[in-house]
Amino acid sequence: MMEKGVQRWVVDISTWDPSTDDFSYALSLLPQHHHSSITRFVKKDDRKRALISWLLQYALVHEVLGIPYHEIVIKRTLEGKPFLECGRVCLDFPNFNFNVSHHGDYVAIASEPLCLVGLDIVSHMIPEKETVLEFIQNFSSCFSSLEWDQIVTAGSNDEVLTEFYRYWCLKEAYVKATGSGLAYGLHKVEFYHTSWTDISVKVDGVRNAQWRFWLSELGKGHYVSIARGHPISATESYKRTLNQTKFNEEEYNEGLLLPNVSFVWRTVEELFLVIHKAKSSC
Amino acid sequence: MASTTGASLKFTSLSSSFKQTQVPLRGVSNVNSVSFPSLRMRPGSLRFRVSCAAKPETVNKVCEIVRKQLALPDDSSVTGESKFSTLGADSLDTVEIVMGLEEEFGISVEEESAQSISTVQDAADLIEKLMDKNCA
């Protein structure tokens, strides 16, 4: 039953080139009050990603929790993390929560039934106006000396950049899971791994066994990370959106030890269909 | 510190909620005892920047740095009110922008201060504050 709350969806938006009318149609699938948060973006690609990100949220909530479209209420915390406002409708799972990410060609969503979930996509972009070392130097304070060492001794410029992006991706997933969502908490969490599997962390210098992490590639040079952790680590504002933050060990492990599923590919057209059907069937 | 003698009250960088033509001074005859019940003029309140907003040159420089970092087309509008996220800055961009500002203005931005920057104006104001400290 809890397994159903674990979802990982991804959409490749590179082939979606909407005309103004197409975009208006897509926008009309979402409640009016979300529109400005999409149209405010200056770049068209950012508007595309924002729109698909909202569609994913509505589609996920509708499909997994079976909530009728017009009853879905998604809000954002002060820090900007979206959450589902549950009334009587989300009792299937102890703490249904989700996170979205978008970068480059992909927009993705991940959900968990009990643990916090954070998701991040990073596209392997090669710095244009500076060398790789100059580029990564900008971010050195976000890494522990152990991690930094791993990055700069990775080998070729490409290998150095890869290690950098992988660490960054994982750190972002952690920070997004807690609801903080700022690049400035990144140095607090230090990652340990064996060839990027068996990933564990120290938070503020202390080993924390209540978190699990996974890192994989979506293709076309995009890394994706998932962080799953204890609700007690959430920011105050995000904690308020959760049903339960205290668990005994057994209860917590039920959520922590759920299998991590691989990403399911959805298309833009599929999302339109799902939402359109959901909207019309109320 | 805000001085409230009528003539020297300057409102800069106000958002649309207050238009200069609508000052609620109806019925007040003595300008030295003006009270504005709808305004919370606490010292340190950041909502009303009384003569403390950054110089236009600083704001423009910030706009320039942001434009470059985000590779924005020349015709896109970047002003003091522009939010970095709306312009398309992801987390990597935001850190690089702050680094770029530190280099350009010879300042050092603390983590806590960096967290509160979300618009070009915020950045410009912080820069001037830090630059004043440097010269003190």
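The legends below describe close-up views of a predicted model with chains A and B.

**View 1. Salt-bridge network of Arg8(A), Glu112(A) and Arg228(A).** These residues are linked in a network of salt bridges. Between Arg8(A) and Glu112(A), the closest N and O atoms are 2.7 Å apart. Arg8(A) belongs to strand 1 (residues 7-12) of chain A and Glu112(A) to strand 5 (residues 106-112) of chain A, so this salt bridge ties together parts that are 104 residues apart in sequence. Glu112(A) also meets the side chain of Arg228(A) in a salt bridge, at 3.0 Å from N to O. Arg228(A) sits in strand 10 of chain A, and the pair it makes with Glu112(A) in strand 5 links parts of the chain 116 residues apart. Because its relative accessible area is 1%, under the 20% limit, Arg8(A) counts as buried. Glu112(A) is buried, with a relative accessible area of 0%, and Arg228(A) is likewise buried, with a value of 0%.

**View 2. Salt bridge between Lys171(A) and Glu147(A).** The side chains of this pair meet at 2.8 Å, N to O. Lys171(A) is part of helix 6 (residues 157-178) of chain A, while Glu147(A) is part of helix 5 (residues 145-152) of chain A, so the salt bridge ties together parts that are 24 residues apart in sequence. Lys171(A) is buried, its relative accessible area being 0%. Glu147(A) is buried too, with a relative accessible area of 0%. Over all chains, the salt bridges number 17.

**View 3. Surroundings of His230(A).** The loop between strand 10 (222-229) and helix 7 (236-239) of chain A holds His230(A). His230(A) has 6% relative accessibility and therefore counts as buried. Apart from neighbours within four places in sequence, the residues in contact with His230(A) are Leu116(A), Gln210(A), Trp211(A), Thr245(A), Phe247(A) and Tyr252(A).

**View 4. The largest cavity, in chain A.** The structure holds two cavities of 30 Å³ or more, and the largest encloses about 70 Å³. Its lining consists of Phe83(A), Leu84(A), Cys86(A), Asn95(A), Phe96(A), Asn97(A), Phe98(A), Tyr238(A), Thr241(A), Leu242(A) and Asn243(A). Strand 3 (82-84) and strand 4 (97-103) of chain A are the elements that give two or more residues to this lining. By residue type, the lining of the largest cavity has seven nonpolar, four polar and no charged residues.

**View 5. The second largest cavity, in chain B.** This cavity has a volume of about 30 Å³. Phe84(B), Thr94(B), Ile97(B), Val98(B), Leu101(B), Ala114(B), Ile117(B) and Ala123(B) line the second largest cavity. Helix 3 (residues 91-105) of chain B gives the most to the lining, with four residues. The lining residues are seven nonpolar, one polar and no charged. Chain B, which surrounds this view, has five helices and zero strands. Of its 136 residues, 38% are buried. Among contacts in chain B between residues at least 6 apart in sequence, those joining residues at least 24 apart make up 64%.

**View 6. Contact between chain B and chain A.** Chain B brings 20 residues to the contact and chain A brings 19 residues. The size of an interface is often given as the accessible area lost when the parts come together. For chain B and chain A, the area buried between them is about 1,800 Å², with 60% of it on carbon and sulfur atoms. Zero salt bridges are counted between chain B and chain A.

Note on methods
Residues numbered from 1 in each chain as written. Chains lettered and ligands numbered in written order. Predicted model: local features only at pLDDT ≥ 70, side-chain atom pairs only at ≥ 80, totals over all residues. Heavy atoms only, no water. Buried < 20%, exposed > 50% of the residue type's maximum accessible area, 1.4 Å probe, protein only. Contact = heavy atoms within 4.5 Å. 1 Å grid on protein atoms, 1.4 Å probe; cavity = no way out; pocket = protein on both sides within 12 Å on 5 of 7 lines; lining within 4 Å. Points joined across faces, edges and corners; volume = space filled by probe spheres on them. Nonpolar A, V, L, I, M, F, W, Y, C, P; charged D, E, K, R; others polar. Buried area = accessible area lost by both parts, 1.4 Å probe. Salt bridge = Lys/Arg side-chain N within 4 Å of Asp/Glu carboxyl O.
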